[in-house]
Structures are given as C-alpha cells and as structure tokens.
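Me: I would like a close look at one part of this model, followed outward into its surroundings. Please take your time and keep the cut-offs in view.

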Amino acid sequence: MTPAPATPAVSSRELPHPAREEIRLETVLHALSDPMRLRIVRELAVATDALSCSHFDLPVTKSTTTHHFRVLREAGVIQQTYQGTAKMNGLRREDLEDLFPGLLDALLDAATHQAARLG
C-alpha cells in the first residue's frame, strides 16, 4: 500500500484574520466600544511600527489582555503576526479606511477629546 502524500502542516503560529471583505461595521464598533481595546488601538495608531503585546501596560490580567487582542484581531481592527516568540500587532488602517472612510480617524479624535475632557 502506497502512503498518502504528505500535506503541508498548518502552522499553529498563524493567527486567523478576517479578509477585508469580511470586516463588518458592527463588529468593528463593538471591538472599539471597550475602553481597554480603544486604548490599544490609540497606541497602535501613533506607533510607527508594529508593537508587541508585552508593550502594552494594561491594568488587567494577562488572560484578559489576550482576550482584548483576540477581539480586535477577529473584528479586523488589528493584524497580529509572530516575530520569534513575540506576537506583533499593527492597525489595519488601510483596510478600515477603504471600508469605512473616515471612521477610524473620527473615533480616534473623539477618544482624544474624551481623554482630555476626563483627564
């Protein structure tokens, strides 16, 4: 009996992301409705490079932080990739701007105004 041809292994280090056309407005808005997730996105918006998960000093447990990143990734707000052992995060600004013109900038501006107002 001839063995079946080997199929390439799918790396467990590749994270699922929605394709651009799968990103939905209500999912993006839900992801950004949480203060911790909005804080992550605000930091990513001003970063010049992708940031590792450990870069963010959030006042929540590690498992909760992981949850927040997963919600943002599954909503299509961020792109996560592994570099060595670090999970790197970048904002999917181009995709979001193409799908929902002006939305991200409007939300980021509103968050900045709110932060200034509330201190």
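How does R20 count by relative accessibility: buried, partly exposed or exposed?

Reply: R20 counts as partly exposed, at 28% relative accessibility, where buried means under 20% relative accessible area, exposed over 50%, and partly exposed in between, with a 1.4 Å probe and protein chains only. Before going further, note that this is a predicted model, in which local features need pLDDT of at least 70 and side-chain atom pairs count only at pLDDT 80 or more, while totals for chains, interfaces and linings use all residues. Residues are numbered from 1 along each chain as its sequence is written, and side-chain values use heavy atoms, with hydrogens and water left out.

R20 takes part in salt bridges, each being a side-chain nitrogen of Lys or Arg within 4 Å of a carboxyl oxygen of Asp or Glu. One partner is D95, with the closest N and O atoms 2.6 Å apart. Because D95 belongs to helix α4 (residues 93-99) and R20 to the segment before α1, this pair ties together parts 75 residues apart in sequence; helices here are DSSP runs of H or I with at least four residues, strands are runs of E with at least two, and both are numbered from the N terminus. D95 counts as buried, at 15% relative accessibility.

A second partner of R20 is D98, where the N to O distance is 2.7 Å. This pair also links distant parts of the chain, since D98 lies in helix α4, 78 residues from R20. D98 is partly exposed, at 48% relative accessibility. Taken more widely, R20, R92, E94, D95 and D98 are linked in a network of salt bridges, and the whole structure has 7 salt bridges.

Helix α4 is also joined to α5 by a salt bridge. The side chains of D105 and R93 meet at 2.9 Å, N to O, and because D105 lies in helix α5 and R93 in helix α4, the pair ties together parts 12 residues apart in sequence. D105 counts as partly exposed at 38% relative accessibility, and R93 is partly exposed as well, with a relative accessible area of 32%.

Helix α5 leads on to the packing of nonpolar side chains. The largest nonpolar core (a set of buried Ala, Val, Leu, Ile, Met, Phe, Trp, Tyr and Cys residues joined through side-chain atoms within 4.5 Å) has 24 residues, of which V41, L72 and V77 touch the most other members. The elements that give two or more residues to this core are α1, α2 (35-46), α3 (62-75) and α5, and the largest share, 5 residues, comes from α2.

Further along the chain from R20, strand β2 (residues 78-83) runs antiparallel to strand β3 (residues 86-91) and is joined to it by 6 bridges, where two strands pair if DSSP finds at least two bridges between them. T81 stands opposite M88 in β3. The hairpin of β2 and β3 has 2 residues between the strands, and there G84 takes a positive phi near 65°.
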